[in-house]
Amino acid sequence: MKRRISEYIFIGLTTAATVIVAGCLIAILAAVAIKGLPALKWSMITQSPTGGYYLGGGGGIANAIVGSLYLGLGATALALVISLPTCLYLRVYLKKGRCASWIRLSLDVLWGVPSIVFGAFGFTIMVLLGLRASLLAGIITVALFELPIMIRAMDEVLTMVPSELEEAAYALGATRFETGARVVLRQALPGLVTGILLAFGRGIGDAASVLFTAGFTDNIPCSLLEPAATLPLAIFFHLGTPFEEVHQRAYASALILTILVLLASTLARVFATRFSKHTWR
Amino acid sequence: MKAQIEVRNLSLAYRGNLALKDIGVDIPEKQVTAIIGPSGCGKSSLLRCLNRMIDLIPGTKVRGKVTLDGEDIYGSRVDVMDLRKRVGMICQKPVPLPMSIYENVAFGPRLYGVHGKALKHAVERSLRSAGLWEEVKDRLKEPAIRLSIGQQQRLCLARGLAVEPEVLLFDEPTSSLDPVSARHVEQQVAELKRDYTVVIVTHDLHQAKRVADHVMFLYLGELIENGTTTQVFESPQDYWTRMYVAGAGI
Ligand SMILES: Nc1ncnc2c1ncn2[C@@H]1O[C@H](COP(=O)(O)OP(=O)(O)O)[C@@H](O)[C@H]1O
Ligand SMILES: [Mg+2]
């Protein structure tokens, strides 16, 4: 009887926890959609702000949408270029040695560092190099912020690749590089895509790291050295005004940001499943 | 009869634990040599010493000498990748690479720069020698993981054959297969000795009797007995060998 009761309590608690988590997600999405949809006009997506936009005047946030996309894609691409070799090095060369566990530990610490610290660090470097707040500075800062997330997410996936698979390649006379690039990466591909996506989502949605580094502007940037607007900052500025109408636009912007991230995940999933038909288990 | 591989005074330690003790044996060219012995006696370890797959396990120490066609494979000038191309290995569990059937077999030759028509021929030839061609010739583009487990094992064999090795090492190739596929793979192994030197680890004494020309009996890391299949099975000299081939669990 006692065991029966503890079983019920266990089921009750775990179900409650799951429902709360799922409920929060739905509540957030619903709040953003309900508050944002009425204010979401075509002009918001297609136009940049005109003079009185943040006072309730006409225009839109095309500048922030494009800026965020540039920044998110640029930073994720840059982070990927650094993450991939790092993960391979960890998996194929260092394996589970002491050196690898130190690297993993420091990455975990970096993961926990708040993004405003990355923002401040990026700002310091910017000043040292004599750069202005610009798309480039933003991309570099966000890439740094994404790096630990991406590397650790990919590393987890690469660790799951069975070592028999590596051995099969070595037994054919493959080098470590050939084994890593042609077999291990291929097996891990669907998981790697998830890791890239996770980092992209975090990067494109972060406000603090771009606050000082990417700046803000009403124009769509035409070069890497111009400042760039971003959606999270746009949302922040909308909410900072005293006008109810502009607050609604904040929710519309949040909705756009959410849709962008969802779109990216869906695309990446489709892409990943196309490649996962060859992978094991 | 010419010995293709000569093992002399070979000892192996895993982080100080001796797994092979002073092994000395000749492995004859174009014959099937079976390594038998109870589990944990060092069969896989010995096999891995023959193509230096043992190097991949950290903390291992090899002493002694192994020569392939008279050349020391632990010598300082040896290219390990090239050695593994010459001495292929097929593992216990079939491990298809995460790619199509065709790409699996093409993987090895591609590493050595084979491409175009030559690659296609190599793939077909290898699949034929592995006895798999007829079953897969119309589905070469399909993922290799869709094959049955027995077919996967023959695919691994084909993949190993595609790099044109001289020696093939099998580590209990049939132990994870159902009896029918096991028999199929076994027949394929027996046919290979026309062109290759074959070393097969097996815990199945009947299989050893069926396919092997020579048998080595290992026990607790030592080579206890070594001779032709008839000698070892019908007139074993050593007490432990006699017990083992009689089926007494040792
Ligand atoms: N990677 C390893 N690390 C440490 N010891 C090992 C390792 N592989 C095998 N051994 C040890 O070496 C001995 C021989 O193992 P193995 O060659 O796998 O035997 P068999 O293939 O005959 O079953 C065993 O005692 C085993 O515990
Ligand atoms: Mg074994």
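Domain bounds come from an automatic or database domain assignment. In this predicted model, that assignment splits chain A into two pieces: domain 1 covers 2-39, and domain 2 runs over 42-278. Measuring from C-alpha centre to C-alpha centre, the domains of chain A sit 28 Å apart.

So what do the two domains share? Contact between them involves 8 residues of domain 1 of chain A and 8 residues of domain 2 of chain A. About 670 Å² is buried between domain 1 and domain 2 of chain A, with carbon and sulfur atoms giving 77% of that area. On the domain 1 side, the residues that lose the most area to domain 2 are A:V32, A:K35 and A:A39, which together make up 65% of what that side buries. Charge pairing doesn't feature here, as the count of salt bridges across this domain interface is 0. Polar contacts don't turn up either, with 0 residue pairs found between the two domains at pLDDT 80 or more for both partners. Sorted by class, the side of domain 1 of chain A that touches domain 2 has 6 nonpolar, 1 polar and 1 charged residues.

Next comes the meeting of the two chains. Here 21 residues of chain A are in contact with 26 residues of chain B. The area buried between chain A and chain B comes to about 2,200 Å², and carbon and sulfur atoms give 68% of it. On the chain A side, A:A171, A:L172 and A:H278 supply 30% of the area buried against chain B, more than any other three residues. This interface between chain A and chain B has 2 salt bridges. One salt bridge joins the side chains of B:R48 and A:E167, with 2.7 Å from N to O. There are also 3 residue pairs in polar contact across the interface of chain A and chain B, both partners being at pLDDT 80 or more.

That leaves ligand 1. The residues around ligand 1 belong to chain B, and they include the run B:S39, B:G40, B:C41, B:G42, B:K43, B:S44 and B:S45. B:Y14, B:A19 and B:I57 are also around ligand 1. Some of these residues place polar atoms by the oxygens of the ligand. For B:S45, a polar side-chain atom lies 2.5 Å from an oxygen atom of ligand 1. B:G42 uses its backbone instead, with a polar atom 3.1 Å from a ligand 1 oxygen. A backbone N or O atom of B:C41 lies 3.3 Å from an oxygen atom of ligand 1. Taken alone, ligand 1 exposes 560 Å², and the protein buries 57% of that.

Notes:
Residues numbered from 1 in each chain as written. Chains lettered and ligands numbered in written order. Predicted model: local features only at pLDDT ≥ 70, side-chain atom pairs only at ≥ 80, totals over all residues. Heavy atoms only, no water. Contact = heavy atoms within 4.5 Å. Buried area = accessible area lost by both parts, 1.4 Å probe. Salt bridge = Lys/Arg side-chain N within 4 Å of Asp/Glu carboxyl O. Polar contact = N/O pair within 3.5 Å; in protein donor to acceptor, adjacent residues only side chain to side chain. Nonpolar A, V, L, I, M, F, W, Y, C, P; charged D, E, K, R; others polar. Near = heavy atom within 4 Å. Areas by Shrake-Rupley, 256 points an atom, 1.4 Å probe, with all protein chains shown as cover.
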